[in-house]
Amino acid sequence: MSGRDLFCQPRRFGRGAALTLVFASVLVAGAATGSLPQQWGEARAGSPGPARSTASAGHAEDVTRAAEEAAADGKSPMEAAERAVSRSGDRWAAVYSEGEYQEFQDSLDGRYTGVGLEARRERDGRIEVTKVQSGSPAADAGVHAGDRLRSVDGRPVDGLPVTDVVSLLRGDMKDAPAGTAVRLGLERGTRAWTETLRRALLSTDSVTVHELSGGITVITVAAFTRGVGDSVRSAVEHAPPGAGIVLDLRGNSGGLVTEAVAAASAFLDGGLVATYDVDGDQRALHAEAGGDTGRPLVALVDGGTMSAAELLTGALQDRGRAVVVGSRTLGKGSVQMPRRLPDGSVAELTVGHYRTPSGHAVDGRGITPDLEADDGALKRAETVLSGLGDAS
């Protein structure tokens, strides 16, 4: 398992949900938790208003009522909302403090507060730095990929889940904004030392592109932050003529649905991308015309592919545009909308679900790849592309 200090933060979910990466919880239509597209997504990106609802109308009213009653009694509306969410069984619901929600909004713009590390837990429980973001506090301090992270602010991290380590690196959002210090215990070979870094407001690279032998272009999308759709389209346009493309969505925890639809438009010539329901009303998302429909395409997915990334995968698979390689995706196909509570905190509550063009329900089921592959998924993708042949 691996994680980034930029993506992870403590989240408050309903019963049955777990601590996850920040984008992972942005819903399907607007963010990792599933904000609604376009007209809904705009409201989601600004100040939350009263959430509309489906069969969850009573659930939403229960959460709001619990928060209002707590405020009237001089108690914490946020804690009351958390208890109400827990009782509801809404597994994707989340309750944010006002500061957490602002961080969440910033994350959709590709910004985060952290030190610029990615890490993974080895089989023996050790935490290893896997990547250091250029220009970050960690890079400036000379931290390298391959270094062992032994402690954060004096707390040993061996054996901890990466999500917990990332939470320690980021700190509490009220007490650890940009400029606050965090002390890391590090090890490289026989050298062990302590480094004090100051957290900074950093930007993520949600889209990275590299070329394999034979001109195959690999477009890796980490999350659907603002501008990702245009970046994917640009990468497709600049790929070698006729060469295949691997769209790597492994570990992509979702993001803005409008950006996922824009990414789909890079490979489709219009047509249906997904349907979704709000208040029982069925709505549809369509790709723009003019995408590259001839170039061979493989989409890579795994158990960390979720939400908006599953929406995109389902569209490319159902429309016969891509061969999907990897392992079954997570299965987060629900739509959430925000509700502002009396103390400024925000409850994100499920109001609907989306389906792929063929009507496949993603929530709780995920997307099954056309070809199963684990560690050798990228090599399998290369083989598939060689079989698909030259698009020209």
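Okay, let's start with two tyrosines: Tyr96 is buried, and Tyr101 is buried as well. They belong together, because the structure holds 1 aromatic pair by the ring-centre criterion, and Tyr96 with Tyr101 is that pair. The geometry is edge-to-face, with 5.5 Å centre to centre and 75° between the planes. Before I go on, keep in mind that this is a predicted model.

While we're on rings, there are two spots where a charge sits over one. Arg191 lies over the face of Trp193, at 3.8 Å from the ring centre. Then there's Lys332 over the face of Trp92, and here the distance to the ring centre is 5.1 Å.

Okay, zooming out to the whole chain. We have 392 residues, and 55% of them count as buried. The secondary structure comes to 10 helices and 21 strands. The exposed surface is about 15,900 Å², with carbon and sulfur atoms supplying 45% of that. And if you take contacts between residues at least 6 apart in sequence, 69% of those join residues at least 24 apart.

Now the sheet I wanted to show you. It's an open one, 6 strands, in the order β12-β13-β14-β17-β18-β21, and the pairing is mixed. At the edges you find β12, residues 207-211, and β21, residues 371-372, each pairing on one side only. So how is β21 attached to β18? Through 2 bridges, with the two strands running parallel; β18 covers residues 323-326. If you want a residue to click on, Val325 stands opposite Leu371 in β21.

Helix α10, residues 377-388, packs on this sheet. It touches β13, β14, β17, β18 and β21, and its direction makes about 160° with that of β17, which is 297-301. Another helix to look at is α7, residues 228-238, lying across β12, β13 and β14. Against β13, residues 217-221, α7 runs at about 175°.

Last stop, helix α8, residues 257-265. Why do I call α8 largely enclosed by the rest of the structure? Because 7 of its 9 residues are buried. The buried ones are Val257, Glu259, Ala260, Val261, Ala263, Ala264 and Ser265, so there's a glutamate in that list, with buried meaning under 20% relative accessible area. What do those buried residues pack against? That would be α7 again, plus β15 at 272-278, β16 at 281-286 and α9 at 308-318. So α7 shows up twice in this tour: across strands of the sheet, and against α8.

That's what I had; happy to rotate the model if anyone wants another look.

How values were computed. Residues numbered from 1 in each chain as written. Predicted model: local features only at pLDDT ≥ 70, side-chain atom pairs only at ≥ 80, totals over all residues. Heavy atoms only, no water. Pairing = 2+ DSSP bridges. Helix = DSSP H or I, 4+ residues; strand = E, 2+ residues; numbered from the N terminus. Contact = heavy atoms within 4.5 Å. Axes fitted to C-alpha atoms, helices over the stretch in contact; angles between N-to-C directions. Buried < 20%, exposed > 50% of the residue type's maximum accessible area, 1.4 Å probe, protein only. Areas by Shrake-Rupley, 256 points an atom, 1.4 Å probe, with all protein chains shown as cover. Phe/Tyr/Trp six-rings, centres within 6.5 Å; stacked < 30°, edge-to-face > 60°. Lys NZ or Arg CZ within 6 Å of the ring centre and 35° of its normal.
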